[in-house]
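Colleague: Got a minute for this one? I would like to go through the charged pairs and then the strands.

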Amino acid sequence: QVQLVESGGGLVHTGDSLRLSCTASGLTFSNVAMGWFRLGPGKEREFVGRVRSNDGTYYADSVKGRFTISRDNAKNTVYLQMVDLKPEDTAVYFCAAQLGPGSSRDWEYHYWGQGTQVTVSS
C-alpha cells in the first residue's frame, strides 16, 4: 500500500515559520515527483510547489520566495519550509506523489496524504 503522511502543521502568527514533512511508504520514493497543494477555507485546492526526482523545484507565484521544497530520499520524506507566513496561507496542506516528471495539475498526481492544518493568525 502507498501511504503519504503529512506532519508539522499548527497555529502560528503572521510572520512565523513552519516546516511541514511528508513521509512516504509503499513506493520507490526516489523515482517520483512530490507536490504540495493546499486547500484554504472557501477556496479551491491550489498548487503550492513540487520537486522532481532530480531535485528540480517549481513554485506557485503566490509562495515563491517564501516557501522551499526539498527531499531526503534516504528518509522517504519531502519537506515544505514556509517562512514569513501570512493569513492567506491558512489552509490544509497536502502532499502528493506523481509517477511522472511532476506538474502543477492536481489531477495528474497519483497518491495523496490526508493533510495537515496550518493556521496563521493576523
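Modeller: Fine. This is a predicted model. One place to begin is the salt bridge that joins the side chains of Asp-89 and Arg-66, at 2.8 Å from N to O.

Colleague: Where do Asp-89 and Arg-66 sit in the chain?

Modeller: Asp-89 is in the loop between β8 and β9, and Arg-66 is in the loop between β6 (57–59) and β7. The pair links distant parts of the chain, 23 residues apart.

Colleague: Are Asp-89 and Arg-66 buried or exposed?

Modeller: Both are buried. For Asp-89 the relative accessible area is 0%.

Colleague: Which residue forms a salt bridge with Asp-89 at 2.9 Å?

Modeller: Arg-38, with 2.9 Å between the closest N and O atoms. Arg-38 belongs to strand β4 (residues 33–39), and 51 residues separate it from Asp-89. Arg-38 is buried, with a relative accessible area of 5%.

Colleague: Which residues are linked with Asp-89 in the network of salt bridges?

Modeller: Arg-38, Glu-46 and Arg-66 are linked with Asp-89 in a network of salt bridges.

Colleague: How many salt bridges does the structure hold?

Modeller: There are six. One of them pairs Asp-106 with Arg-45, at 3.0 Å from N to O. Asp-106 lies in the loop between β9 and β10 (111–112) and Arg-45 in the loop between β4 and β5 (46–51), so this salt bridge ties together parts that are 61 residues apart in sequence.

Colleague: And the burial of those two?

Modeller: Asp-106 is buried at 16% relative accessible area, whereas Arg-45 is partly exposed at 42%.

Colleague: Now Glu-6. How far away is its nearest side chain of opposite charge?

Modeller: That side chain is Arg-45, 9.5 Å away. Glu-6 is buried and has no salt bridge. The cut-off for a salt bridge is 4 Å, so a distance of 9.5 Å does not qualify.

Colleague: What does the side chain of Glu-6 reach, then?

Modeller: The backbone nitrogen of Cys-95, at 2.9 Å. In addition, a polar atom of the Glu-6 side chain lies 3.1 Å from the backbone nitrogen of Gln-114. Residues that Glu-6 touches include Ser-21, Cys-22, Trp-36, Tyr-93 and Phe-94.

Colleague: Which strand is Glu-6 in?

Modeller: Strand β1, residues 3–7. That strand is part of an open sheet of four strands, in the order β1-β3-β8-β7, with antiparallel pairing. β1 and β7 (67–72) are at the edges with a single partner strand each, so one side of each has no neighbour in the sheet. From one strand to the next, the twist averages 15°.

Colleague: What about β8? How many bridges join it to β3?

Modeller: Six bridges join β3 (residues 18–25) to β8 (residues 77–82). Among the residue pairs, Ser-21 of β3 stands opposite Tyr-79 in β8, and Leu-18 has Met-82 as its bridge partner in β8.

Colleague: And on the β7 side?

Modeller: β7 and β8 run antiparallel and are joined by six bridges. Met-82 in β8 is also the bridge partner of Phe-67. In the hairpin of β7 and β8, four residues lie between the strands, and Asn-76 takes a positive phi near 55°.

Colleague: Why is β8 largely enclosed by the rest of the structure?

Modeller: Because five of its six residues are buried.

Notes
Residues numbered from 1 in each chain as written. Predicted model: local features only at pLDDT ≥ 70, side-chain atom pairs only at ≥ 80, totals over all residues. Heavy atoms only, no water. Helix = DSSP H or I, 4+ residues; strand = E, 2+ residues; numbered from the N terminus. Buried < 20%, exposed > 50% of the residue type's maximum accessible area, 1.4 Å probe, protein only. Lys, Arg positive; Asp, Glu negative; His and termini not counted. Polar contact = N/O pair within 3.5 Å; in protein donor to acceptor, adjacent residues only side chain to side chain. Contact = heavy atoms within 4.5 Å. Pairing = 2+ DSSP bridges. Axes fitted to C-alpha atoms, helices over the stretch in contact; angles between N-to-C directions. Lists of a residue's contacts leave out its neighbours within four places in sequence.
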